[in-house]
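User: I am new to this structure and would like a close look at a single part. Please take the first helix and what lies around that helix.

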Amino acid sequence: MTKHGLQTTPMKSLLVLFSHHRHNTEKVANVFAEILDAKIKTPQEINPTELQEYNLIGFGSGIDSGKHYKVLLDFADKLPQVNDKKAFIFSTSGVSNPKYMAKIHTALREKLQTKGYVIVDEFNCHGFNTNSFLKLFGGMNKGRPNAKDLKKAEEIALNLKQKLEHQTEQTDKKVEKTIAETKKSKI
Ligand SMILES: Cc1cc2nc3c(=O)[nH]c(=O)nc-3n(C[C@H](O)[C@H](O)[C@H](O)COP(=O)(O)O)c2cc1C
């Protein structure tokens with residue numbers, strides 16, 4: 001509550017997740033959810049208009065054929081237009097490096113940006129992959145994401161939380177200032 005009796009803006013985050021191959025991305029999402037105090041929902045569980053309630057939304061899945069899973073990309077296509085709403089993108093994949101992340105996130109990033117989202121951060125790490133012939137050899141990246149990967153996800157989430165809380169505080173202060181000035185000018 002502010003000194004003018006206004007309710008302070010609560011930070012409300014949501015994670016839209018589709019993780020099905022080995023539930024790798026779900027492990028990352030659980031770390032984000034804990035720190036950001038966010039709910040995790042699958043695209044099938046959400047009505048796209050529901051996203052209006054949130055001021056930060058994370059979109060994540062595994063990677064198939066160099067893109068986020070189709071379910072998530074199709075969901076992004078159905079989103080209503082927003083005005084500068086903050087979002088972040090995450091994924092786990094067989095191959096992981098910064099250049100590859102930039103490339104595999106492009107499809108989802110562009111869809112979200114077209115809808116008016118501002119992408120404030122992106123995260124990718126290795127995920128256990130038993131696709132196709134890989135399972136004959138025990139899979140690739142066994143044990144990933146590991147504790148180190150999840151620690152990095154934690155750092156990203158803490159940083160996002162800090163930034164967002166600071167911005168919300170600044171917005172509340174601006175509103176406070178405007179109210180105080182309006183009151184003064186009426187005296
Ligand atoms: C059908 C299929 C296609 C995949 N294509 C890619 C790919 O193009 N690039 C890549 O790096 N990993 C690829 N992978 C690996 C997955 O992205 C990786 O295992 C991921 O961690 C799975 O996430 P999930 O367990 O959350 O579903 C593929 C896996 C499957 C099953």
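Analyst: What follows describes helix α1, its partner helix, the ligand and one strand residue.

The model is predicted; local features need pLDDT of at least 70, side-chain atom pairs count only at pLDDT 80 or more, and totals for chains, interfaces and linings use all residues. Residues are numbered from 1 along each chain as its sequence is written.

Helices (H or I, at least four residues) and strands (E, at least two) are DSSP runs numbered from the N terminus. Two packed helices are described by the angle between their axes and the distance between the axes. For α1 and helix α5 (residues 147-186), the axes come within 9 Å and cross at roughly 35 degrees. Axes here are lines fitted to C-alpha atoms, for helices over the stretch in contact, with angles from 0 to 180 degrees between N-to-C directions. On the α1 side, the contact is made by Lys-27, Val-28, Val-31, Phe-32, Ile-35 and Leu-36; residues are in contact if their C-beta atoms, placed from the backbone, lie within 7 Å. Among the α5 residues taking part are Leu-150, Ala-153 and Glu-154.

Val-28 is also in contact with Phe-90, as are Gly-58, Gly-60, Phe-123 and Asn-124, leaving aside neighbours of Phe-90 within four places in sequence. Phe-90 lies in strand β5 and counts as buried because it has 27 C-beta neighbours inside 10 Å; the cut-offs are 20 or more for buried, 12 or fewer for exposed, and partly exposed in between.

Both α1 (24-36) and β5 (85-93), along with β3 (56-64), each supply at least two residues of the shell around the ligand. A residue is near the ligand if its C-beta atom, placed from the backbone, lies within 6 Å of it. Of the 21 residues around the ligand, Ser-19, Thr-25, Gly-62, Gly-94 and Gly-127 come nearest.

Methods:
Contact = placed C-beta atoms within 7 Å.
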